[in-house]
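User: I'm new to this one and would like a close look at a single part: how the helices pack against each other. Could you walk me through that, and then step back to the chains?

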Amino acid sequence: MVSLSGNLLFASFLLYLVGTVVFAGSIKDKKGREKDHGPNKWAKIGVGITIAGFLSQLGYFITRWIAAGHAPVSNLFEFTTFFGMCLVGAFIVIYFIYKLPALGLFTLPVALLLIGYAAMFPRDISPLVPSLQSNWLHIHVTTAALGQAILAISFVAGLIYLIKAIDHTKSSKESNWLEAVLFGVVCTVGFIVISSIFSFSGYKSEFHWVDNNDVEANVEFHLPALVGPHEGEHLTPEKFSPLVEAPGIIDAKKLNTVIWSLMTGVILYLLFRLIFRKRIAQVLQPLTKRANLDLVDEIGYRSVLIGFPVFTLGALIFAMIWAQIAWSRFWGWDPKEVWALITWLFYAAYLHLRLSKGWHGKKSAWLGVIGFLIIMFNLIVVNLVIAGLHSYAGS
Amino acid sequence: MKQVKCECGHVNPHGTVLCESCGRVLVEEEKKKKLVDMRYEGSARRSQTYNKTIIDKIWNFFSSVKVGVTLIIITLAASAIGTIFPQEMYIPTTEPASVYYESQYGVAGKLYYLLGFHNLYSSWWYLLLIASIGISLVICSLDRVVPLYRALKNQKVSRHEGFLKRQRLFGTSQVEELDSSYELVKEKLKKNRYNIREENGNILAEKGRFSRWGPYINHIGLIIFLAGGMLRFVPGMYVDELLWVREGETAVIPETDGEYYLENHQFILEVYDKDKDNEAFNNAIENSGMVAKNFQSDVTLYKKSAETVAGEEPILDKVQDYELRVNEPLKFENFALYQQSYKLDELNKMSFALTNKENNEEFGDLTIDLYNPQDEYDLGDGYKVEVMSYFPDFEFDENSEPVTKSRIPNNPAFIFKMITPDKPDGEVSFVAIKQTIEPFGDNEFKMAFKGVETKNVTALTVRKDLTLGVLAVGGFIFMVGVVQGAYWNHRRIWIRRVDGEVWVAGHTNKNWHGLKREISTIFDGTGINEPKDQSDESDKSIESNSKEE
Ligand code: HEM
């Protein structure tokens with residue numbers, strides 16, 4: 001069951017990959033281009049493949065649920081893949097409302113990155129600690145992820161809008177910021193690439209160190225340690241020895257991973273520039289040429305409108321109900337809770353700003369992008385760096 | 001108060017921009033615009049009309065969405081800062097906050113502490129921010145909902161030409177078979193679930209008006225929720241206590257006026273077992289070592305009997321036995337008990353033997369209950385041990401005097417006086433774990449350590465929260481309101497005959513794409529042209545051309 005589940009996830013990954021290519025084809029396709037007469041053949045195939053991928057991932061989810069005896073949303077790997085699945089699900093629904101192939105072309109890669117990113121974390125099926133043994137866990141986490149995924153569609157729409165609407169040939173504040181966002185995406189690719197390379201080669205080095213609170217521990221690095229733990233003792237001296245030592249309050253292993261991801265990201269980015277001699281956004285721009293800006297703007301707004309109630313229900317209301325049962329208080333100002341509140345306040349601000357003149361189009365697209373950054377911050381930084389009750393024991 | 005009478009005869013409140021009844025543009029300035037501002041139907045909002053007294057000014061300040069959004073953004077930013085370092089309630093209790101932040105996080109930590117961010121969410125200025133959002137919500141909703149309600153209630157079917165012309169969706173047609181076209185359109189409108197009103201051959205088709213109340217309903221829900229949050233500060237509404245109970249002990253439950261008692265039979269800690277539990281977990285268990293599976297206290301709840309005589313031992317009536325686990329609190333009346341924490345193997349009893357140091361001859365054993373030591377233990381035959389001092393949680397203070405840190409026997413120490421027939425005045429000995437001091441020189445006797453008895457202790461949160469009901473109601477109303485406003489929209493289509501032409505205008509408060517698609521199916525094949533989108537392509541503010549202050 002466990003291996004079947006893994007295979008289904010892998011199959012869905014491949015299908016999303018193929019789907020992306022087919023959506024790209026639908027935009028390049030010069031034939032069936034009678035304007036405004038619905039999506040062409042390629043787009044229809046693309047959606048078909050996406051749905052197949054979604055079903056395959058649903059199969060992964062169900063089989064893993066059966067194997068574990070609980071819904072697979074209880075560690076970083078499981079939650080992030082589930083988030084990716086919800087994103088694809090949200091895309092499929094919104095696609096059938098607005099029939100915009102470019103949305104698929106940009107959503108599927110985001111889902112691919114999420115699943116790829118998730119796969120870099122321990123994939124073991126983990127047993128549930130007492131506080132997680134509740135049906136409210138499933139209800140809360142799944143609705144919250146679904147809400148975030150629907151909200152994330154406004155990020156995709158925002159990206160399409162900005163890629164199309166901004167002039168990338170000149171360096172301006174907006175074009176630079178957009179390129180920075182895309183560089184962030186490249187660094188995520190960098191993280192996946194470099195982690196995969198070293199994990200295939202089975203690289204391991206080990207350190208003994210004493211943390212700020214005088215607790216002794218051994219840590220295992222799976223990337224060559226450019227940065228080593230504070231006053232760490234290298235137990236595998238045949239492996240690469242650290243160039244510098246991290247201060248005591250910083251987790252050297254995570255810092256090291258961040259540095260490797262950034263370096264790989266920079267290399268990939270430079271390679272890209274070398275090959276295309278243009279900014280990423282500029283290379284992507286032709287792919288957005290058939291997207292109507294007003295429609296893209298409306299998709300962004302609409303997805304926030306649809307996602308906001310779902311997010312409120314899942315990430316705040318259900319969360320409070322569960323916290324009241326598990327921890328005896330519905331709200332405890334734990335970092336994860338606070339960041340859910342921040343996300344919620346942010347999208348509330350988005351909705352109110354839409355009431356005012358001028359907060360449509362580009363500005364609104366930027367808000368969609370920022371909202372997604374907040375969601376990702378909550379997923380990645382809060383889980384891995386700002387420890388709290390919700391922190392997944394990731395690495 | 002000056003009222004504005006429209007040419008159509010309707011009397012509008014002072015400040016009205018578009019006549020509530022016929023929609024005629026009443027303000028000169030507005031007439032110059034290509035499209036009218038439809039956000040609040042051009043109704044007379046207090047905040048847009050009065051600005052004289054101090055009350056007007058406060059009202060106008062809080063009714064502005066710009067101010068509301070600014071408050072939300074400030075709260076958001078402040079909340080984020082509060083997560084940089086852990087809040088005071090999450091830091092270990094071993095060090096006071098004033099020391100902890102600096103020792104852990106250096107200068108940044110010190111600054112964080114000095115600025116009060118370590119206790120951000122209960123700071124006065126954070127609460128003030130939330131309160132301002134609440135005030136803003138109330139005022140801005142009142143400012144809009146009443147005029148909006150009036151305008152929607154008073155709207156007439158036949159709208160003024162100037163009003164129709166300035167709608168975002170607008171078109172005119174010459175129609176040959178007018179009657180059959182009308183019938184067809186009406187039929188299609190009905191099929192799309194529009195309510196149709198007719199007057200002199202003009203039509204107003206409308207649906208989803210109730211969605212306009214969504215925001216106001218959700219704001220009411222929020223207000224109720226915030227009010228519920230404030231209720232916590234009313235005495236008696238909220239209880240948060242921690243109750244430690246050792247195995248075998250019966251303790252009175254705090255805050256129940258001595259009415260309820262709880263007996264802890266045993267505390268159970270289970271971990272996942274590779275051989276017994278789901279095989280799928282094996283890898284994870286191997287990688288992370290021990291994984292907790294269950295924290296459980298087997299308890300009995302008692303209620304004090306009415307027959308209890310004041311001043312005497314209470315008589316207890318059993319209420320129920322319960323296996324109290326995480327996620328499965330024990331509820332009674334308005335209280336709930338939660339499995340919160342535990343301590344395994346806490347020292348409970350210690351035994352010693354009075355022993356001659358020379359030949360190790362023993363003169364009797366004594367067992368000391370660490371929670372309730374006796375003053376003296378008579379061993380018979382003239383052998384006796386007095387407990388001169390007892391330090392349950394012993395340490396030396398700065399003057400090297402023995403003191404106790406708490407009443408929990410984490411590190412018990414005693415000063416014994418050993419009285420024997422040989423030494424009738426007694427010998428004094430200081431005995432702590434792995435440590436014996438004989439303050440007055442060499443003793444003949446010693447207290448030889450024999451063993452300890454330990455017990456598990458469970459910690460339960462005692463909770464009463466009478467605000468939950470109010471919060472639930474607020475949350476529910478909020479959800480109803482957001483769903484209403486987000487998943488439905490208010491669409492209107494006006495059809496009017498003007499000088500042998502048919503004029504059609506359409507408006508929706510959101511989701512123009514949906515309205516346009518619907519309109520295109522409605523007018524398709526009816527002989528009436530589909531209205532066109534007049535919003536300026538170069539001006540990307542497509543949603544509406546309104547200006548929100
Ligand atoms: C955290 C606090 C708040 C939340 C969650 C919230 C939520 C909402 C939502 C979901 C809508 C509907 C938006 C839409 O359908 O496009 C809305 C509308 C609105 N809100 Fe709020 N709101 C909050 C605070 C405020 C504040 C402080 C103000 C006052 C300045 C305000 C003024 C408005 C107005 C004027 C509308 C539009 C009403 C209409 O279109 O008829 N809101 N709010």
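Analyst: Here is a walk through three helix pairs, followed by the contact between two chains.

This is a predicted model, where local features need pLDDT of at least 70 and side-chain atom pairs count only at pLDDT 80 or more, while totals for chains, interfaces and linings use all residues. Residues are numbered from 1 along each chain as its sequence is written, chains are lettered from A and ligands numbered from 1 in the order in which they are written, and side-chain values use heavy atoms, with hydrogens and water left out.

Two packed helices are described by the angle between their axes and the distance between the axes. Let's start with helix α11 (residues 362-384) of chain A and helix α5 (residues 135-165) of chain A, whose axes come within 7 Å and cross at roughly 135 degrees. (Helices are DSSP runs of H or I, at least four residues, numbered from the N terminus; axes are lines fitted to C-alpha atoms over the stretch in contact, with angles from 0 to 180 degrees between N-to-C directions.) α5(A) and α11(A) are therefore oblique to each other; under 35 degrees counts as roughly parallel, over 145 as roughly antiparallel, 65 to 115 as roughly perpendicular and the rest as oblique. The crossing of α5(A) with α11(A) is left-handed, meaning that the near helix is turned anticlockwise from the far one by less than a right angle (clockwise would be right-handed). Among the residues that meet here are Phe155(A) and Leu159(A) from α5(A), and Trp366(A) and Phe372(A) from α11(A); contact means heavy atoms within 4.5 Å. By class, this contact of α5(A) with α11(A) has twelve nonpolar, four polar and one charged residues. (Ala, Val, Leu, Ile, Met, Phe, Trp, Tyr, Cys and Pro count as nonpolar, Asp, Glu, Lys and Arg as charged, and the others, Gly among them, as polar.)

α11(A) has another partner, helix α10 (residues 335-353) of chain A: their axes come within 10 Å and cross at roughly 175 degrees. That makes α10(A) roughly antiparallel to α11(A). The contact of α10(A) with α11(A) has 16 nonpolar, six polar and one charged residues.

Now for the third pair: the axes of helix α3 (residues 76-98) of chain A and helix α9 (residues 293-327) of chain A come within 12 Å, crossing at roughly 135 degrees. So α3(A) is oblique to α9(A), and α3(A) passes α9(A) in a right-handed crossing. Ile94(A), Ile97(A) and Tyr98(A) of α3(A) make the contact with Leu295(A), Glu298(A), Ile299(A), Arg302(A) and Ser303(A) of α9(A).

Stepping back, 67 residues of chain B are in contact with 65 residues of chain A.

Terms used
Helix = DSSP H or I, 4+ residues; strand = E, 2+ residues; numbered from the N terminus.
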